[in-house]
Amino acid sequence: MMKQAKILIVDDDAQNIKVAASALDCLDLSIGFAKSGLEALARLKQTEFDLILLDVMMPGMDGFEVCLKLKENSLTDKIPVLFLTAKTDDNSIEKAYEVGAHDYISKPFRPRELIARVKSQLNQLELLRNLEYMATRDSLTGIYNRRMFFQLGESLFAESALQLVVLMIDIDFFKRINDAYGHQVGDQVLKAISETIESSLPANAIFGRIGGEEFAILLQVSEGEAMQLAETMRERVAGFSMDSATGDSFNCTISIGLGVKKDYLVSLDMLLKVADDMLYQAKKQGRNRTILRQQDCS
Amino acid sequence: MTFLQSAEFSSDFRIIANLGCAFAALLLLTPFAINNLIQGRLFLGFTSFGIVIVSGLNAWSIINGKFRPFLFFLVLVPCIIITLILATQKLGIIGIVWSYPAVLAFYFMLSERQAWVGNSALLLIIIPLGWSVLEDAVAVRVVISLSLVSVFSAIFIRVISYQQNRLLEEKRRAEAANRAKSEFIANMSHEIRTPLNAVIGFSELLEQTEVTAKQKSYLQSINLGGKTLLSLINDILDLSKIEADKLTLEPRPVLVRQVFEDICHIFGPRARDKNIEIRLEFAQDVPSCLMLDETRIRQILFNIIGNAIKFTHHGHIKISIWRKNNNDVSAAVTQLRIDIEDTGIGIAKDQQHTVFASFEQQEGQNNRQYGGTGLGLSICNKLVQMMDGEITLVSVPGQGTTFSIHLNHVFECQHDMEEKTKLHQLMNRIQFEPATVLIVGGLNRNLRQVVGILQHTSLKLIEVNNIEQAQNVCLLEKPALLLIDMNILEADNSDIKTSLKLIDTPIFALLDSKEPEPQAIELRDCDEMLNPPIAPQPFIKQILLHLPHQMVDVFSNDNTPKQSFELSMEKNDQAMQEINQVVIPLWHKAEKTGIFDDAMAFSHALNDIAKKYQMSGMLVLSERVKQAVNNFEITELEKVFSEFNQIIQHWKNNPDDETS
């Protein structure tokens with residue numbers, strides 16, 4: 001199972017919460033409670049829960065309404081909702097699934113059934129999360145893969161009006177490393193470099209592996225700051241010594257090309273093209289360097 | 001009269017009959033009136049025109065949906081009179097006979113008995129007679145037409161009465177079905193109560209055995225759930241009993257004041273929790289003893305006062321009892337008025353009349369918000385009606401509600417229970433410190449009476465039958481008081497105090513009623529002697545001399561919890577700083593997320609600091625949080641949080657009071 005899942009029990013009756021929480025106590029869960037729909041929504045805004053047990057008949061806002069509100073919000077729409085309610089008529093069950101419930105348990109519930117259903121939901125959730133991870137990450141380095149990088153990058157490009165810098169990074173003479181030390185070492189180099197780069201990035205940066213030894217980063221910083229960041233990471237990579245299988249250590253370097261968002265660059269591809277050109281320049285000028293503008297080379 | 005009474009049952013047919021008469025009169029009389037006027041017969045002409053106008057008005061009023069019985073009779077009665085006049089003038093004796101059927105029909109119509117007699121009489125007599133006397137065409141036409149009006153009316157009335165009978169039959173059947181349903185529910189409720197007794201009883205018994213704190217908390221939940229269900233079923237049972245006419249009141253002499261004080265006492269803690277004040281105002285002229293069904297009166301008050309507390313979030317609840325006919329103090333019958341005033345959420349004007357209906361809660365009072373089934377007030381209303389009274393209410397939404405119970409015929413009774421009231425008041429005020437009372441001679445009737453007096457106190461009573469058993473008990477537990485039957489004491493020759501190793505324990509000897517002379521006993525070392533019959537009050541006073549106790553004020557409204565006062569004494573600057581830095585962020589987090597583990601982290605942090613600075617109050621708080629988390633008691637958890645908040649606020653507001 002995943003690391004301690006957080007489950008929120010929403011019921012206006014304290015005794016009901018007690019029963020459900022006691023039943024679930026045998027699972028390794030972190031249990032939270034809310035005594036009304038509004039309280040539940042407020043708590044979900046503050047804290048990420050993995051699963052919600054929701055009562056239907058509550059004062060003010062009923063369970064269906066709460067569920068609808070949850071599904072409207074992109075932050076909470078993926079949290080599975082299990083209705084836990086004394087209403088057992090067909091209409092209510094149908095409505096529960098209509099508003100987006102994942103499961104429906106009638107009260108009074110049998111504790112073992114509740115545990116089994118919660119477990120099954122958590123398993124599904126874990127599976128889903130694994131799938132999502134696999135679909136969006138590069139399996140070797142754990143950073144975004146090409147598809148996710150472009151998906152996130154394009155929405156960021158569309159959202160942010162200014163201050164968007166793209167960094168294209170390529171490992172210098174990577175083929176030589178592979179040839180000299182083998183693919184395993186090559187993979188380690190990729191991993192080590194991506195880790196080194198990631199550790200020097202701000203939290204909101206989008207970092208992805210877009211080709212074999214090619215990485216791209218989207219930064220919401222100014223030109224100068226981006227240049228500084230790029231230089232830092234280039235120096236850190238260059239100063240980092242790798243170990244080969246035979247015990248020799250070697251250094252490897254990266255070249256970086258920058259692209260800064262301008263009015264005439266109307267798509268992410270165009271911006272990347274600029275950065276790619278700069279990267280080419282950097283390579284041409286002898287590698288292990290960062291190029292921001294054409295003038296730099298002249 | 002019969003017609004009007006019955007007419008209320010089937011307004012549809014009454015309207016049809018009425019409309020039929022009105023139109024018949026309009027159609028038939030209009031040409032007659034015009035004809036008469038043209039021919040100069042002004043009296044007849046104008047009279048018939050009057051009838052036409054009244055008929056028109058009648059029809060118009062019916063079409064507009066307003067029935068006017070008097071207009072209906074304004075048409076019919078003149079019709080009959082004109083028929084009579086005309087018939088006698090033009091046809092002599094025959095005319096009277098001839099118009100008889102019309103009168104007959106009208107009569108039957110009014111009395112609504114066998115209208116077919118009227119109808120057939122008309123058909124048999126009018127038609128052959130009418131055609132045989134054709135010389136005065138106008139008069140004949142009028143008589144025939146007016147008679148026909150009566151006939152139509154009679155037919156309509158016949159239909160009405162048929163419909164009415166059918167409706168009455170339906171109503172009777174519906175009522176019978178409802179009663180059968182109520183009886184069924186009453187029986188079913190009994191069946192449901194039986195298993196519930198096992199649930200409640202055994203959960204209570206089990207709780208007293210060796211169980212862990214967690215098991216105890218589960219058992220309390222079972223017990224609470226069982227009790228909630230039981231009270232619900234009791235409500236349903238009561239209502240169905242009332243509807244099945246199976247509930248009878250059992251008026252007995254009741255000490256009114258005691259009932260009210262008891263109820264205030266019971267609701268005291270709940271009111272204090274919500275910071276509401278309960279005031280009891282008892283008018284001087286209310287007789288102290290009245291004939292009432294105590295159980296039902298308590299039930300009514302419980303419901304209404306319970307509601308008042310439920311729907312009041314600040315302010316007070318005032319219960320006042322007074323006598324309405326106070327100018328006539330000598331009367332044995334009292335008109336009692338009980339007002340229960342609260343400062344709660346109130347009831348909207350349009351919902352005030354529905355609050356007494358079964359199964360209805362206020363609209364917008366979403367039935368889960370305040371719980372309950374909506375049966376309470378309905379039962380109260382019915383019970384008060386059975387007591388020959390009524391409940392009324394005055395309410396302003398947002399400001400509060402006053403329920404008034406008017407009991408119109410309450411009989412006074414003798415004050416022979418005065419003594420009991422005083423005892424009751426006394427007993428209510430005494431709080432014994434925990435102590436054991438050993439009673440030797442459990443079968444003695446007088447001792448039983450003593451047990452009866454003491455059993456509702458906090459004293460632990462142990463009853464044994466002889467000295468040996470008493471010795472065994474004394475090995476385990478040192479009683480604070482010994483009550484012993486004189487006969488047992490006399491049969492045993494040894495010194496009772498030494499044989500039971502109770503040197504400084506007071507001993508009360510209970511004399512046998514047959515031997516009023518206690519010479520022999522004086523030699524033995526008894527501290528008090530009780531002569532039967534035992535008067536409870538002197539007995540209690542005697543006991544008070546020997547047992548540690550406190551006298552409390554029953555209606556003390558001590559709103560500040562003791563604990564928070566103690567806690568505020570523990571203020572310590574350094575501890576405060578640590579609490580601010582470590583505990584308060586954890587507390588905020590726990591409050592925000594509602595995650596039990598977060599509350600536990602808060603408890604641990606508070607516990608550490610409390611231990612470090614020896615703050616016993618805070619230690620208790622942290623233990624309470626721990627307990628609440630372990631048992632998932634969120635009500636308790638929220639309560640502790642709010643207490644913690646109060647203390648913190650208190651510290652913040654009084655930064656100077658350095659008491660540490």
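Where in chain A is the place of Met58(A)? Look in the loop between β3 (51-54) and α3 (63-72) of chain A. Keep in mind that what you're looking at is a predicted model.

Even though it sits in a loop, Met58(A) is buried, with a relative accessible area of 2%. That counts as buried because the cut-off is under 20% relative accessible area. Its C-alpha atom is separated by 8.7 Å from the C-alpha of Lys35(A), and the two residues are 23 residues apart along the chain. Hang on to Lys35(A), as it turns up again below.

**Chain A as a whole**

Let's zoom out. Chain A has ten helices and twelve strands. Half of the story is on the inside: of its 298 residues, 50% count as buried. Residues 24 or more positions apart make up 64% of the chain A contacts that have a separation of 6 or more. As for the outside, chain A exposes about 14,800 Å², and carbon and sulfur atoms supply 50% of that.

Now pick out one helix, α5 (residues 111-136) of chain A. It has 26 residues and reaches 37 Å from its first C-alpha to its last, close to the 38 Å expected at 1.5 Å a residue. Its buried residues are Leu114(A), Ile115(A), Val118(A), Gln121(A), Leu122(A), Leu125(A) and Thr136(A). Here's a handy rule for reading a list like that: an α-helix has 3.6 residues a turn, so residues three or four places apart point the same way.

**A covered strand in chain B**

Over in chain B, try strand β12 (residues 507-510). Both of its faces are covered: Ile507(B) and Ala509(B) are buried on one side, Phe508(B) and Leu510(B) on the other. In a regular strand, side chains alternate between the two faces of the sheet. And which strands does β12(B) pair with? The table shows two pairings.

| Strand paired with β12(B) | Sense | Bridges | One bridge pair |
|---|---|---|---|
| β11(B) (residues 481-485) | parallel | four bridges | Leu482(B) and Ile507(B) |
| β13(B) (residues 528-530) | parallel | three bridges | Met529(B) and Ala509(B) |

**Where the chains meet**

Finally, the interface. Here 25 residues of chain A are in contact with 22 residues of chain B. The size of an interface is often given as the accessible area lost when the parts come together. Between chain A and chain B the buried area is about 2,000 Å², with carbon and sulfur atoms giving 53% of it. There are also three salt bridges between the two chains. One of them brings back Lys35(A): it forms a salt bridge with Glu638(B), and the closest N and O atoms are 3.3 Å apart.

Notes:
Residues numbered from 1 in each chain as written. Chains lettered and ligands numbered in written order. Predicted model: local features only at pLDDT ≥ 70, side-chain atom pairs only at ≥ 80, totals over all residues. Heavy atoms only, no water. Helix = DSSP H or I, 4+ residues; strand = E, 2+ residues; numbered from the N terminus. Expected span 1.5 Å × (residues − 1). Buried < 20%, exposed > 50% of the residue type's maximum accessible area, 1.4 Å probe, protein only. Contact = heavy atoms within 4.5 Å. Areas by Shrake-Rupley, 256 points an atom, 1.4 Å probe, with all protein chains shown as cover. Pairing = 2+ DSSP bridges. Buried area = accessible area lost by both parts, 1.4 Å probe. Salt bridge = Lys/Arg side-chain N within 4 Å of Asp/Glu carboxyl O.
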